[in-house]
Each structure stands twice: as structure tokens, then as C-alpha cells.
Amino acid sequence: MFRQEYGGAEEPVKAILFKDNQMENRLQNLVMVMLKAMTNSSIPEVFGHNMPLFIADSVAKWHNSETRRIIDSTGVWMANSHDLRRFVFYMSTFREGGVNLSRVEEKLKEYFTDFDGKFDAQLSNVMTSRMEVDEQFGTSSPYMCRVKAQYSRELLRLLDDGMLLAVRNFKSDSTRERYTLLEVIRFWPEHFGLRGVRDYQYFPCSSR
Amino acid sequence: MQFEVIQQSVDDWETDDKTTMMIQLDTLPINYDLVLEAIKAVR
């Protein structure tokens, strides 16, 4: 007597033995017929897979791609709708609190300017530069740094190529503050709505 | 669709709306750091 143990259950197994390969095996025939019916040798992608499952997968992916476009498009539409702006970007109001300058920041103002608070920026990315010596910009830095700043029309007028930005360096210690100086080589305004637009997108409903 | 978004964004450029726009800067670090020794004394 064979017994199968699986998941805490113990069941007796009734074994069927065939005398030789000439014996009729209906169960095996059924399995083979089903397997043959569930494949298609003319579709290379299905090779080794279950045909109905392949079809279901393809249909699901098609629906996903269709819905994805609607979701993406709706996102762009909402980001650009003036009527929904206050709703979409309510999080940003957290930053608009009062500005309390500490004594340290007051001291820093002797050396640096943020154009009366207009230049509110973060170092966002440090990239390795393709050329160690850039003849176009006359520098020999193997790095390029991307800085992202809060938008302001006034700031756009104040910025210029060649300006120096100071970024607090991690080499600062208890006796001195160290700043890495970055030379601005180019700057540009960017609109989040336009950045998200793709050729395949469309508006889910007409906008104003 | 792209044209519509561009049309809608025209008004934004005239505002100071920080939620829809950003300024990006490419910068190169120069070879000399600025070291301030007086700053820490204030803390």
C-alpha cells in the first residue's frame, strides 16, 4: 500500500500498473489530447506554453495598455487643469510657512546671497562627465552637477551662465564649513505638464 | 493632445507657480572649495 503525505494529510494511493506499452491507457490519452489541443506550433511565442493562458495573458496586456494610456493622459490632464490645481498640489503649501533665519544663516548671508529667498534650490544629481577636459566650457572637472530650483520669473532674469553656486560639502568639520563651488553652465525652465506629454496620449475629456 | 497641453501651459509661464514649473541648472564643480572658518564660532 502506497501513502501520500501532503500538507499534513495522509492519503492512500491506488497504483495502476500496465503490463506493457500495448495496453490501452485512456487517462494518458486524455492528457495527451488536452495538451495537444492547448498548444499551437504555428505561434513561436506559445512554444512550451499553454495556449489558452497565452491568449488570456495577451488580452490582459492589451487591456492594461489601453487603460494605462487613459490613466497617463488623465494624470497629465489633471496636472495641467487650472481648475484642479489647488486640489492636486495642496501638498506644496507645506513649504509656504514663515522663514526663521537662525544666527548661522544670518552669518552666511555675509558671504552668500539667495536673491532674498528667490533662489531656493537643491543639488539633485552628480553625474560623471564624458570628457575630463571640456574645451567648450574651459573646465577640467570629471563631474557635472544638476541643480533644481523653485520656479520664479524674477529668478530666471537674475540667473546667468558663469554664476557660482555654493553647496555645503560633507568634508565640513567642527572647526570650518567647506563649500563646493559650482559654475553654472546652462539653465532652463521646465514645465511638469509638458514634460509628461507623450505622442500616444489623449485627453479623456475636453478641457477648457 | 500635445498642442492642447502646450496651449494650456502658456498662461503658466507668466506666473510664479512653483507647483507646475521648475528651473534646472547644469553646473560644473570648480577645482577649489570655499572654506569658512568663522561660521562655526557663531553656533
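User: What makes A:Gln150 a residue that stands opposite B:Met22 in β1(B)?

Analyst: In this predicted model, local features need pLDDT of at least 70 and side-chain atom pairs count only at pLDDT 80 or more, while totals for chains, interfaces and linings use all residues. Residues are numbered from 1 along each chain as its sequence is written, and chains are lettered from A in the order in which they are written. A:Gln150 stands opposite B:Met22, and 6 bridges join β4(A) to β1(B), which run antiparallel. Two strands pair if DSSP finds at least two bridges between them, so β4(A) and β1(B) count as paired.

User: Why is β6(A) called a partner of β1(B)?

Analyst: Strands are DSSP runs of E with at least two residues, and helices are runs of H or I with at least four, numbered from the N terminus. β6(A) and β1(B), residues 21-36 of chain B, are joined antiparallel over 13 bridges, and one partnership there sets A:Phe187 against B:Leu25.

User: How do you know that β4(A) also pairs within chain A?

Analyst: Strand β3 of chain A, residues 121-128, meets β4(A) in the antiparallel sense over 7 bridges, with A:Thr128 opposite A:Tyr143.

User: What makes a residue part of the contact, and how many residues does each chain give?

Analyst: Two residues are in contact if their C-beta atoms, placed from the backbone, lie within 7 Å; on that basis chain A gives 55 residues and chain B gives 33 residues. On the side of chain A that touches chain B, β6(A) gives the most, with 15 residues.
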